Amino acid sequence: MSKKTVAQIIPSQKINMGGHLLEQPLPNAFMQQLDPFLLIHHAEWTFAGNQRQQEVGIGGHPHRGFSPVTFVFKGEVRHQDSFGHDAVVGAGGTQWMHAGKGIVHSERPSKELAEKGGEQEIIQFWVNTPAKYKMERPYYLPLSVEDTPKIEGKGYELQIVAGDYDGNVGPAKTFSPMTLLRGQINAHQTLEINLPANYNTLLYLLDGQLEVNGRSAERKDLVWFANDGESLNLKASVDTRFIVLSGEPIGEKVSSYGPFVMNTQTEIMEALRDSQMGKMGVLIESFD
Ligand code: MN
């Protein structure tokens, strides 16, 4: 297998999203998106405790036309939506949703995290959907760590969330071919990851430090690969956690506004109208 050349290593930027501080590796100064990946946010929050669940996290908001996906690393994330889904996912798990024609959801810490306090670490990324599937019925899938196939090797561990990888099939349903991995590698260990050459590929380091295909990447760096080979050769300097997002480009025009990702400006206007008319459903959250 020939190596994918590292096209660029891009440090993430700190942003303030409505009072929530987080790291944003994508979009960045060099790329608006890397088709089919539209956005990556990495958040590490500490909840002080003695709060009610409804006072923390992100309340009801709509989405249409893509999949917002949350990998949970620490703490729990509770999802409720206008189609009646309600589930809590803990460390090692994934909140997977395809917004399709429209859904309203909330994303909050668990009741226990709100009341007792503690850390939450998540990565949320947005995966685009080909035009012909954007108006499908919304789809929601909570995945626990046990639901997610895992490969364990010498000094490393890889979870396969979506796509085929080394004989394992990730449980998340995608609308275009992709492989989504979460991994950790111990200091001084090596790991080779093979992906199709034509897949657009990003690796993000939550922490640690790696040498990847001969280049050095630090914590909170986004590594962007050229489409000229198959393999990522990782060598960790210290214990490192990372994710790999790799997918076949969809190759369609993207028109996005806030929580909607469509192909044209007209479709964005329709999304705004449908959302205001309540066509994405009504979320009435429940709290005990
Ligand atoms: Mn959301």
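Arg273 is partly exposed in this predicted model, with a relative accessible area of 43%, whereas Asp274 is buried at 7%; here buried means under 20% relative accessible area, exposed over 50%, and partly exposed in between, using a 1.4 Å probe and protein chains only. These two residues form a salt bridge, and their closest N and O atoms are 3.2 Å apart. A salt bridge is taken as a side-chain nitrogen of Lys or Arg within 4 Å of a carboxyl oxygen of Asp or Glu. Because the model is predicted, local features need pLDDT of at least 70 and side-chain atom pairs count only at pLDDT 80 or more, while totals for chains, interfaces and linings use all residues. Residues are numbered from 1 along each chain as its sequence is written, and side-chain values use heavy atoms, with hydrogens and water left out.

The structure holds 15 salt bridges. As background, side chains of opposite charge can pair when their charged atoms come close. One of the bridges joins Glu119 to Lys74, with the closest N and O atoms 3.6 Å apart. This pair links distant parts of the chain, as Glu119 sits in strand 11 (residues 118-128) and Lys74 in strand 6 (residues 66-74), 45 residues apart. Helices (H or I, at least four residues) and strands (E, at least two) are DSSP runs, numbered from the N terminus. Both partners count as partly exposed, Glu119 at 48% relative accessibility and Lys74 at 31%. Lys74 and Glu119 also belong to a network of salt bridges that includes Glu121, Asp207 and Arg241.

Another bridge pairs Glu285 with Arg108, and here the closest N and O atoms are 2.8 Å apart. Glu285 lies in the segment after helix 2 (265-276) and Arg108 in strand 10, so the pair ties together parts that are 177 residues apart in sequence. Arg108 is buried, with a relative accessible area of 9%, and its place in strand 10 falls within residues 103-109. The side chain of Arg108 also reaches the backbone oxygen of Val56 at 2.8 Å. This is a polar contact, meaning a pair of N or O atoms within 3.5 Å; within protein, one must be able to donate a hydrogen and the other to accept it, and residues adjacent in sequence count only if both atoms are side-chain atoms. Leaving aside neighbours within four places in sequence, the residues in contact with Arg108 (heavy atoms within 4.5 Å) include Val56, Ile58, Glu76, Arg78, Glu285 and Phe287.

Next comes the metal site. The protein donors of the manganese ion are His61 (NE2), His63 (NE2), His105 (NE2) and Glu107 (OE), lying 2.1 to 2.4 Å from the ion. Donors are N, O and S atoms within 2.8 Å of the metal (3.2 Å for Na, K and Ca); water is not among the atoms, so sites may look incomplete. Along the chain, the donors follow the spacing H-x1-H-x41-H-x1-E. Both His105 and Glu107 are buried.

His105 and Glu107 also appear in the lining of the largest cavity, together with Pro68, Thr70, Val77, His79, Gln95, Met97 and Gln124. On a 1 Å grid over the protein atoms alone, a cavity is a set of points where a 1.4 Å probe fits but cannot get out, and a pocket is an open set with protein on both sides within 12 Å along at least five of seven lines; lining residues have an atom within 4 Å of a point. Grid points are joined across faces, edges and corners, and a volume is the space filled by probe spheres set on the points. The count comes to two cavities of 30 Å³ or more, and about 70 Å³ of space lies in the largest.

The largest pocket has a volume of about 390 Å³. Its lining has 26 residues, of which Met17, His41, Ile58, Glu107 and Gln124 lie nearest the centre. Strand 4 gives the most to this lining, with six residues.

Finally, some backbone details deserve a look. The peptide bond from Leu26 to Pro27 is cis, with omega near -5 degrees, and the bond from Asp35 to Pro36 is cis, with omega near 10 degrees. Pro27 is placed in the loop between strand 3 and strand 4, where Pro36 is found too.
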